[in-house]
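This briefing covers one buried acidic position and then the charged pairs. Look at the structure first, then read the points below.

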Amino acid sequence: MRKILMLCCGFALLSACATPYQKAKKETAKGYFDTPLQEGVYDVIFNGNGDTSAKKAHDYALLRSAEVCLENGYQTFDIVSKADHSTQDGYMVNNILVMETEPKINFVVHCAKDNDLTFSAKEIKTNLRTKYKLQ
């Protein structure tokens, strides 16, 4: 029972260490990374660590997509393609196999200056920043 309690406490402490919403220095580093592909089209990636949930990584990729559009003068966007390149690894802790997933979400987004596309960049940005208590 004591081992289980210690293991649960360890997981609780680790859950506070998820990858923050930050710019990555390169495409494979933890955080977000974006690349313009052509006029109004951007490749957006969010790489999380083992303590970042798949949902949070997806939301952070969506948030960065909205911000990229707004930063470049666009109002709305669509996700043209999306891919999940998450990796999974396992390790032993006290003879218990622990599986860890590092989420990697990749969107290609098409932005527009008018309100013709699916997502409002401003609303997505506001709602997700509020949800995750980001400045």
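In this predicted model, D59 is in contact with L128, K131 and Y132, leaving aside its neighbours within four places in sequence. D59 itself sits in helix α2, which covers residues 54-71. Salt bridges follow; the whole structure holds seven.

**D59 and its surroundings**
- D59 has a relative accessible area of 3%. That is under the 20% limit, so D59 counts as buried.
- The D59 side chain makes a polar contact, at 2.6 Å, with the side chain of Y132.
- Y132 is thus named twice: in the contact list of D59 and as its polar partner.

**E102 and K30**
- E102 and K30 form a salt bridge, with 3.1 Å between the closest N and O atoms.
- E102 belongs to strand β5 (residues 96-102), while K30 lies in the loop between α1 (2-14) and β1 (31-38). The two are 72 residues apart in sequence, so the pair ties together separate parts of the chain.
- Both ends are partly exposed: E102 has 27% relative accessibility, and K30 has 34%.

**R64 and D34**
- A salt bridge joins R64 to D34, the closest N and O atoms being 2.7 Å apart.
- This pair links distant parts of the chain, with R64 in helix α2 and D34 in strand β1, 30 residues apart.
- R64 is buried, at 7% relative accessible area. D34 is buried too, at 18%. The limit for buried is under 20%, so D34 falls within it.

**R129 and E67**
- The side chains of R129 and E67 meet in a salt bridge of 2.8 Å, N to O.
- R129 is in helix α3 (residues 121-131) and E67 is in helix α2. Because 62 residues of sequence separate them, the pair ties together distinct parts of the chain.
- R129 counts as buried at 19% relative accessibility. E67 counts as buried at 5%.

**The network**
- Which residues do salt bridges with shared partners join into one network? They are D34, R64, E67, E71 and R129.
- Two of the pairs described above fall in this network: R64 with D34, and R129 with E67.
- Helix α2 contributes R64 and E67 to these pairs. The same helix, residues 54-71, also carries D59.

Conventions:
Residues are numbered from 1 along each chain as its sequence is written. This is a predicted model: local features need pLDDT of at least 70, side-chain atom pairs count only at pLDDT 80 or more; totals for chains, interfaces and linings use all residues. Side-chain values use heavy atoms; hydrogens and water are left out. Helices (H or I, at least four residues) and strands (E, at least two) are DSSP runs, numbered from the N terminus. Buried means under 20% relative accessible area, exposed over 50%, partly exposed in between (1.4 Å probe, protein chains only). A polar contact is a pair of N or O atoms within 3.5 Å; within protein, one must be able to donate a hydrogen and the other to accept it, and residues adjacent in sequence count only if both atoms are side-chain atoms. Contact means heavy atoms within 4.5 Å. A salt bridge is a side-chain nitrogen of Lys or Arg within 4 Å of a carboxyl oxygen of Asp or Glu.
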